[in-house]
Amino acid sequence: MSRTDRELVRDRIINRVLTAHRISKADLLGKSRDADLVMARKAIAHSLKAERFSVRHIGRILHRDRSTIEHYLGMRVDSSMLLPNSINCFPEDIREAITSVARSERVTPAVIVAEWITERARFEASKTMEKAA
């Protein structure tokens, strides 16, 4: 993978997680240890590692040292971070669709599921707001 391709993968992963967690890049890269920010950093670290980024490179991307990234990667990935923890809860045809989209977009299936759930929730919220108006 060329440098430009890796940068595109990196940016796509970061942007998806920022959107799913509704946080800013400045907050993500800042010093706060807020649980939501740590979970977003963990999600990015796991996705980047799945794309074969080195621990040191992930550390540079997230402005964290190597040991912090190793800690993120060694931690159990919980369902609140991935939504859901396993795509096995979906029917086979849906799992295949999720996996196919994730593969083509070079992200984990959990990132796709989180994005789809976020989009649907926003759609339902906008319908509710229209009815109230």
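Is Glu-115 buried, partly exposed or exposed? Keep that in mind while you open this predicted model, because Glu-115, with a relative accessible area of 25%, is partly exposed, and the tour will come back to its partner.

**The whole chain**

Begin by showing the protein chain as a cartoon, where you can follow eight helices and zero strands, so that from the N terminus on the elements run α-α-α-α-α-α-α-α. If you then colour the chain by accessibility, buried residues make up 34% of the 133 residues. Among the contacts with a separation of 6 or more, 56% are accounted for by residues 24 or more positions apart.

**Salt bridges**

Side chains of opposite charge can pair when their charged atoms come close. The structure holds five salt bridges, and the next selections visit some of them.

Select Arg-16 and Glu-115, whose side chains meet in a salt bridge with an N to O distance of 2.4 Å. This pair links distant parts of the chain, since Arg-16 belongs to helix α1 (residues 3–21) while Glu-115 belongs to helix α8 (residues 109–132), 99 residues apart. Arg-16 counts as buried because its relative accessibility is 12%, under the 20% limit for that word.

Move to Arg-10 and Asp-11, where the side chains meet in another salt bridge, at 2.9 Å from N to O. Arg-10 counts as partly exposed at 23% relative accessibility, and Asp-11 is partly exposed as well, with a relative accessible area of 30%.

Now go to helix α8 and select Glu-124 and Lys-127, which both lie in this helix, three residues apart, or about one turn of the helix. Glu-124 forms a salt bridge with Lys-127, and the closest N and O atoms are 3.6 Å apart. Add Arg-120 to the selection, and you have a network of salt bridges that links Arg-120, Glu-124 and Lys-127. Glu-124 counts as partly exposed at 28% relative accessibility, and Lys-127 counts as partly exposed at 32%.

**A charge over a ring**

Select Arg-6 together with Phe-53, and turn the view until you look at the ring from the side: Arg-6 lies over the face of Phe-53, at 3.9 Å from the ring centre. Aromatic pairs are another matter, for the structure holds zero of them.

**A buried arginine**

Which element or loop holds Arg-64? Select Arg-64, and you will find this residue in the loop between α4 (55–62) and α5 (66–74). Arg-64 is buried yet has no salt bridge, and the nearest side chain of opposite charge, that of Asp-65, is 7.8 Å away; a salt bridge would need the nitrogen and the carboxyl oxygen within 4 Å. What the side chain of Arg-64 does reach is the backbone oxygen of Leu-62, at 3.1 Å. When you show the surroundings and leave aside the neighbours within four places in sequence, Arg-64 is in contact with several residues, including Leu-28, Leu-29, Arg-41, Ile-69 and Tyr-72.

**Two loops with a positive phi**

Finish with two arginines in loops, beginning with Arg-22, which is found in the loop between α1 and α2 (25–29). Arg-22 has a positive phi of about 55° although it is not a glycine, and at 67% relative accessibility Arg-22 counts as exposed. Then select Arg-52 in the loop between α3 (35–50) and α4, where phi is near 70°, a positive value in a residue other than glycine. Arg-52 is exposed, with a relative accessible area of 75%.

Technical notes. Residues numbered from 1 in each chain as written. Predicted model: local features only at pLDDT ≥ 70, side-chain atom pairs only at ≥ 80, totals over all residues. Heavy atoms only, no water. Helix = DSSP H or I, 4+ residues; strand = E, 2+ residues; numbered from the N terminus. Buried < 20%, exposed > 50% of the residue type's maximum accessible area, 1.4 Å probe, protein only. Lys, Arg positive; Asp, Glu negative; His and termini not counted. Polar contact = N/O pair within 3.5 Å; in protein donor to acceptor, adjacent residues only side chain to side chain. Contact = heavy atoms within 4.5 Å. Phe/Tyr/Trp six-rings, centres within 6.5 Å; stacked < 30°, edge-to-face > 60°. Lys NZ or Arg CZ within 6 Å of the ring centre and 35° of its normal.
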